[in-house]
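This report is for a reader who has not yet looked at the structure. The sequence and the model come first, and a short description follows.

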Amino acid sequence: MKLIKPFCISILLLLISNVNAQEFKLGKVSIAELQEKAHPKDTAAAAAILYKKGSSRIEYNQNDGFVTVTDVETRIKIYKKEGYSWVTHKVWYYNNSNISEKVSFSDAITYNLVDGKIEKTKLKSEGIFDEVRNKFSGQKKITMPNVKEGSIVEFKYTIRSPARMIREWDFQTSIPVNYSEFVTFVPEYYTFNSRQKGYVFPKMTVEKNNKSIIISSKERVNSGGFTATRTEFSQDKFDYIETKTTYVGENFPAMKDEAFVNNIDNYTSSIQHELSMVKFPNEPLKPFSTDWNSVVKTIYDYETFGPELNRTGYFEDDLKVILANKNSDEEKIMTILNHVKSSVKWNGYYGYDCDNGVRKSYKEKSGNIGDINLMLTAMLRYAGLTANPVLVSTRSNGIPLFPNRTAFNYVIAAVETPNGNILLDATDKFSTPNILPLRTLNWQGRLIRKDGTSEDVDLMPRKPSGDNVFINYTIDNEGKVTGKTRRQCTDYNAMITRDNISGLKEEEYLEKLENENNKIEISEYSRTNEKEILLPIVETYSFTGNNLCEQIGGKIYINPMLFFTNEKNPFKQEVREYPVDFGFPFADKYNITIQIPEGFSVESLPAPAVMTMEDNLGTFKYNIAVSGNSLQLVVAHQINEAIVGTDKYEMLKEYYKAMIAKETEKIVLKRI
Amino acid sequence: MKSPVFALFFLLFTLISSAQKSEYPITTISDSLKENADAVVRLDQTDIIILSQRSLNTKNHWVVTVFNKKGFDGLSAYEFYDKSTSIKNIEAIIYDASGKEIKKIRRKDFKDQSVADGGTLFSDNRYLFLDYTPISYPFTIEFNSEVQTSSTAFIPKWMPLRSYGVSIEKSFLNVIYPADLGFKKKEIQFLGFNIKKITDTNTQLSYNASNILAQKKEDYSPSYRDLFPKVMMGLEHFHLEGVDGTATNWVDFGKWYSEKILSGTTDLPEETKSKIKAFVGDEKDPIKKAKLVYDFVQKKSRYVSIQVGIGGWKPMLATDVDRLGYGDCKALTNYTKALLQAVDVPSYNTVLYGDSYKTNIEADFVAMQGNHMILCIPNGNHYTWLECTSQDDPFGYQGTFTDDRDVLVIKPEGGEIVRTTIYDDKGNTQTDKGNYTIDENGNFSGSLLIVSEGSQYSSKSRIEHLQPTEKEKYYKEYWDNINNLKLDKIVFTNDKENIRFTENIQVSAINYGVIAANKLIFPVDAFNQNANTIKRIRNRKNPFQIQRGYLDSDEIEINLPNGFTIEFLPANYELKGKFGEYKTEIIKKENNKLVYKRSMFLNKGKYSNKEYDEYRLFMEQVSKNDNAKIILAKN
């Protein structure tokens, strides 16, 4: 995977170049732009961003100290009706007692070409809406007037924020972007980390300028820089250097989603900024996150993280009881994991730190990810294990490329043992040691020790999860198939199976199983180890099926793997843009014994076959043998990597094609 | 609490309210109610008090035992509010399995959210909903709410059973109303459910329902809205967002709607009037004029839903739509009507339920109904219907969203219930004509013309606007019987005049034919296979229905590879029954050619639960025969 190397930390002077692009200004819509019928590079595009310019400036304000003012202006061309959604725009803003931001739209105009002349329609207040999103934030929305196919819309908005926060800037989106520019203006007192991601990189230039501010009265306060607290009058002039950083990129293609992509956002070109350090004259430096260690320290110092992790009083009495007579580490781990799972339920909210606090969550029996897994870590420590929290970014949150606090949104626990880390998550009923919920399987996490040191932890499973199927079936001379199946799933496959079973009543589940498997009729169904989640789960059942063979011209044709045959290639695309993500490596094995009917003999059999992919990516084995009236088939399909890069896509697609061709080959039986 | 009188009152109040608390251990639920149940309604008490034409108060008090996540997701622990509707009280209490109280959720802990989602840009309507994480199942939840509104045009329906997988111990409805407002009700689908009417006077109506077993959801069932019992209620003298109304029949209702809600909304600037007149030119025929106007609206406008105040019921002014170029269904319908007025073509706003599941306006229950608006134009002895929110629909086409249902046409002289266009089963056609070639390695290449009409037009014409990757995905799913499918050329012709959509496609695929021991085997029907998707259902209980029938006809020429002889050819096949007719035929031609003919006709209809398996087997035969294979042997 191309992406998962962190980009270098330095934000300075990566590239300096002259971007002699056209000058983009609101109001300068040309007739040529209005006449354009399709995007020159992507004729299927329903709309395109002709240009988008943004700037975030940290500037001084008498009343509030340093604030962030973000201006964005854009021009969007609508080629087709399907692009109409692009004339509605939303900007969210914080609105609560801690932080109150203001959003205002201006210069919003729709341009149409009417009889060769440009007609302008301005957006009025009737097309601007302000909505409460929740307790913490609101949202402004606009929808542009008088839009037709061919229209161009332009608008500008400003976000004023009292915090020193620079929002993420996406250079790329689901329609083509012809030109995108983002500029930051940052006074020397603040240092930001920036991280770029995606496949297309904008050019960056850096410029330093001298600035000054005059402050009437007042004194500096520790946190926010210059803030008004006293009423004594005095006037100070401060000189400082402001860094202007410009990112410019052109001709970004539209992003397209594909099957088996973990999160399309990981591949979108964008830039994120995070405040890493504040240093005012005559004040100590205040680091936030410059490297992983300071990121981790900052997080650890949060009231909702470190102190919560160190809280113990609330669970000790309960643990004393359940840990009595538990001597080995394994026993202790399982006892505590089960205790947390059964006593506290996940409320569906993410976060590496606590929402309710561990004590309250324990009492009320529900909490967010942080509440539950920090509690788990604390209990493991109490039991004398070397347990630590591991910060994680979930698949939907994208891959953490760069040291910063907001890269993470999740936490799990790790117990260090001589044989490596045991990773634990108590928020999922079916998760077991080192078998984590799929949402957490996202490259690497960051383990934090008590002493403040930290290290990367590999989250990706290495061991293939098994799916072992035994089938024993008989074909009668009318083509009816009767048999027994035993299916054993291990590790991730077991977790997924338990998950599929858990929400359904047995009758519903069987109905589903019957319908998904060629409408077989199932009887004598049973499960083993449904609740013993450390063990593989086993399902056994008898089945009969009338649709499993074909009788053509007096002969019987049968797919020997019956309803376990892989019939469709999941990789249908000609070209693959992004890596294929299987989630975890796996090994599927089938052991099949077939009794052929009296009065029939084998006319033809598929030939045995073996396929291997380069770099040990995967193997397929197919073996078949006859002895008397019975056939013995062994099939194995194993993929050893959770993530397969685009460079191997062609190979993977060919592998699947050949595998499917082999599995769909039929056995032909003829009358003797 | 300084005043002793207050304190006393407070004490009394708390005493009463604590006395009302009751416990609901799960052990008291009978086994029959637990069967197939994700949740059991222990008690559901709805009290509706209509104090006057402008005052409607609804109290909901229910207690539900929840067995699993599905049961939890099905709870309706929320209330809506807007400018004329206020939530006076909302709270919930959670009990554990033994009936012990474990948590109380007060109003401030309910989440507040706008109802506007992806489809709506902005809405005044908001709702408070319960945000609770179940800590274990089963548990019991008690919910109390009180909602006061000045709008009496909508009295909530009473539906004791609102979803599948829920059984009911007890459910009560009690409605109190003044005698002079013309209260009316309609009971629907009571048969087979244990529902008793307790009181029915000129000021009070009450029912109780008890011991209703959990219902199981089954494919091809009618909607639960048509299967489960309900009571519809309404007033002859009602109020809606500042406007009083009176209606005892559809004529009066239509008049009221025209005069109080619609009037004054269709004015247009003179400039626009002359523009549309010029656009229509010398055309005299009203339908041809309407066609031009519809085209004008489609090019100019887009659908944007904004629901503010009475805007939820009253269309945005036509002048505003003219200026802004957008609006919701009411606004765009009304705007089209205004333009038609300007060129002297009469047309009428039409209220209906828009849904691909055909839903009628209840003709014998005069009250506000429906969720959508279209336009109706008299055309000789019938009507032409216009879907004004679409920028693509052909003139007068109803597709599957508004076809074949009872709707309310609002004429200035009064309202009228009318049936919309019924697309005949035999007119919902797909005609495939083409050919394919198989080479000696089993590789496939072919070309095909697919022509779709009637209600099949609506499912096909949407492909035209898909992005290239989505188009590829569509065809790879449509022909998922052909592995390794490659799309070589796709050309569409959308003939809106005749409402006919044509796909002209060239495809290829390697390994279509499977090779086994000198034999080449492949299904003859490559292009139009009916996948066997009718599920087996154990002990089906509900009737089933086919909402729309169709007729598919295929004629495909097949070129076989040289050097092979035909070892086996599927026999011609014919299947006739009450569900439809199916026929295939293979004709041998010279030069290694075959011609494959197939026709599949499906009737729409309503059938009993017992006939379901018959239908499944009918479709299974069809799909089996569609998959019939030819065997070629190498010479």
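## Two helices, an interface and an annotated span

In this predicted model, helix 6 of chain B and helix 7 of chain B are oblique to each other, because angles under 35 degrees count as roughly parallel, over 145 as roughly antiparallel, 65 to 115 as roughly perpendicular and the rest as oblique. They pack at an angle of about 125°, with their axes 9 Å apart; axes are lines fitted to C-alpha atoms over the stretch in contact, and angles run from 0 to 180 degrees between N-to-C directions. Helices (H or I, at least four residues) and strands (E, at least two) are DSSP runs, numbered from the N terminus.

The contact is made by I276(B), F279(B) and V280(B) of helix 6 and K289(B), L292(B), V293(B) and F296(B) of helix 7. Contact means C-beta atoms, placed from the backbone, within 7 Å.

Between the chains, 41 residues of chain A are in contact with 38 residues of chain B. Helix 9 of chain A supplies the largest share of chain A's side, 4 residues.

The table gives residue classes (Ala, Val, Leu, Ile, Met, Phe, Trp, Tyr, Cys and Pro nonpolar; Asp, Glu, Lys and Arg charged; the others, Gly among them, polar).

| Contact | Nonpolar | Polar | Charged |
|---|---|---|---|
| Helix 6 with helix 7, chain B | 6 residues | no residues | 1 residue |
| Side of chain A touching chain B | 9 residues | 13 residues | 19 residues |

Residues are numbered from 1 along each chain as its sequence is written, and chains are lettered from A and ligands numbered from 1 in the order in which they are written. Local features need pLDDT of at least 70 and side-chain atom pairs count only at pLDDT 80 or more, while totals for chains, interfaces and linings use all residues.

Notes
Two residues are in contact if their C-beta atoms, placed from the backbone, lie within 7 Å.
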